[in-house]
Amino acid sequence: MNKRPILSVRNLHRTYQSGEGILTVLAGADVDIFPGEMVGLIGPSGSGKSTLLHAAGLLEKPDAGEVYINGRECLKLPDDERTQIRRDTIGMVYQFHHLQKEFSALENIMIPQMIAGKNTKRSQQEASRLLAIMGLTERSTHKPSQMSGGEQQRVAIARALANKPQILLADEPTGNLDPATSAAVFQSLFDLTRQEGVSALVATHNMALTQYMDRVLTVKDGLIVPYVRSATAPTY
Ligand code: ADP
Ligand code: MG
């Protein structure tokens, strides 16, 4: 494995002001994600998984800490440069698909490519290729409302990978799906990220999904630590 991480989070601190006072969520969190790895992030609701992913994805600024993408610190860059790095290198998937409801599956995967400057034909070819890998060629012209929850989420995963990011950050990507659909969609996410050579950091509640991961992390006392299975550990 390549020794240089694609993503390095260092000494991340994040507190929130809540009714009862200051809530410390991250207190010096470190994470490294290496090329080609799929890393799980588990933990109960409210433990800080989304906070970490949003900071790592350059969507929110933490109180302190650094986020390095390919060795370059990004939090201190001007907004436009940070946005550009996020668009070029990071794909995000959420629990809810956030597809544009007035557009077809194919168009939803084309849009981010066209925003990035690719022409219509090439965007369409890439969208068709990803839909085919996802087994959704027959759904190309369907709008989100005409697809099942699992199909919608597969389109969202394809969309996240359309601009060939180096890292996929997925925040409970199958959290809205029933267990059987969740397993199938996760298998698609796993296969596609592997096939495309994308590294992934995937937050999930679902312990069963961690069998696919190269490593599993969890949040403990504001730090990111390896998750160790034990007889007494709770199952999330
Ligand atoms: P997870 O994704 O593991 O469920 P989050 O990162 O969303 O956890 O949240 C961690 C903690 O921070 C939770 O207790 C949550 O209520 C709190 N929190 C998250 N965002 C905010 C916010 N914008 N304002 C106040 N508290 C927040
Ligand atoms: Mg969350």
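This tour of a predicted model proceeds from a sheet to the helices packed on it and then to a group of aromatic rings.

**The sheet**

Begin by selecting the six strands that form an open sheet in the order 6-7-8-3-9-10. The pairing within this sheet is mixed. Strands of a sheet pair through backbone hydrogen bonds, in either the parallel or the antiparallel sense.

Next, colour strand 6 (90-93) and strand 10 (223-226), which stand at the edges. Each has a single partner strand, so one side of each lacks a neighbour in the sheet. Viewed across the sheet, neighbouring strands are turned against each other by 20° on average, direction ignored.

Now restrict the selection to residues 167-171, strand 7, and residues 199-204, strand 8. These two strands pair in the parallel sense over five bridges. To inspect one position, display L169, whose bridge partner in strand 8 is L201.

**Helices on the sheet**

Add helix 1, residues 49-56, which packs on the sheet. Which strands does helix 1 touch? Its contacts are with strand 3 (38-42), strand 6, strand 7, strand 8, strand 9 (215-220) and strand 10. The direction of helix 1 makes about 150° with that of strand 7.

Then add helix 5, residues 149-161, which also packs on the sheet. Helix 5 touches strand 6 and strand 7, and its direction makes about 165° with that of strand 6.

**The aromatic cluster**

Finally, show the side chains of F186, F190 and Y212, which ring pairs link into a cluster. The structure holds two aromatic pairs.

Select F186 and Y212: their ring centres are 5.1 Å apart and their planes stand at 40°, so this pair is tilted. The pair links distant parts of the chain, with F186 in helix 6 (residues 179-196) and Y212 in the loop between strand 8 and strand 9, 26 residues apart. Are F186 and Y212 buried or exposed? Both are buried.

Keep Y212 displayed and turn to F190. The ring centres of F190 and Y212 are 5.5 Å apart, and because their planes lie at 45°, this pair is likewise classed as tilted. It too links distant parts of the chain: F190 belongs to helix 6, whereas Y212 lies in the loop between strand 8 and strand 9, 22 residues apart.

A surface representation completes the view. F190 has a relative accessible area of 16% and is therefore buried. Y212, at 18%, is buried as well, the cut-off being under 20%.

Notes
Residues are numbered from 1 along each chain as its sequence is written. Chains are lettered from A and ligands numbered from 1 in the order in which they are written. This is a predicted model: local features need pLDDT of at least 70, side-chain atom pairs count only at pLDDT 80 or more; totals for chains, interfaces and linings use all residues. Side-chain values use heavy atoms; hydrogens and water are left out. Two strands pair if DSSP finds at least two bridges between them. Helices (H or I, at least four residues) and strands (E, at least two) are DSSP runs, numbered from the N terminus. Axes are lines fitted to C-alpha atoms, for helices over the stretch in contact, and angles run from 0 to 180 degrees between N-to-C directions. Contact means heavy atoms within 4.5 Å. Rings of Phe, Tyr and Trp (its six-membered ring) pair if their centres lie within 6.5 Å; planes under 30 degrees apart count as stacked, over 60 as edge-to-face and the rest as tilted. Buried means under 20% relative accessible area, exposed over 50%, partly exposed in between (1.4 Å probe, protein chains only).
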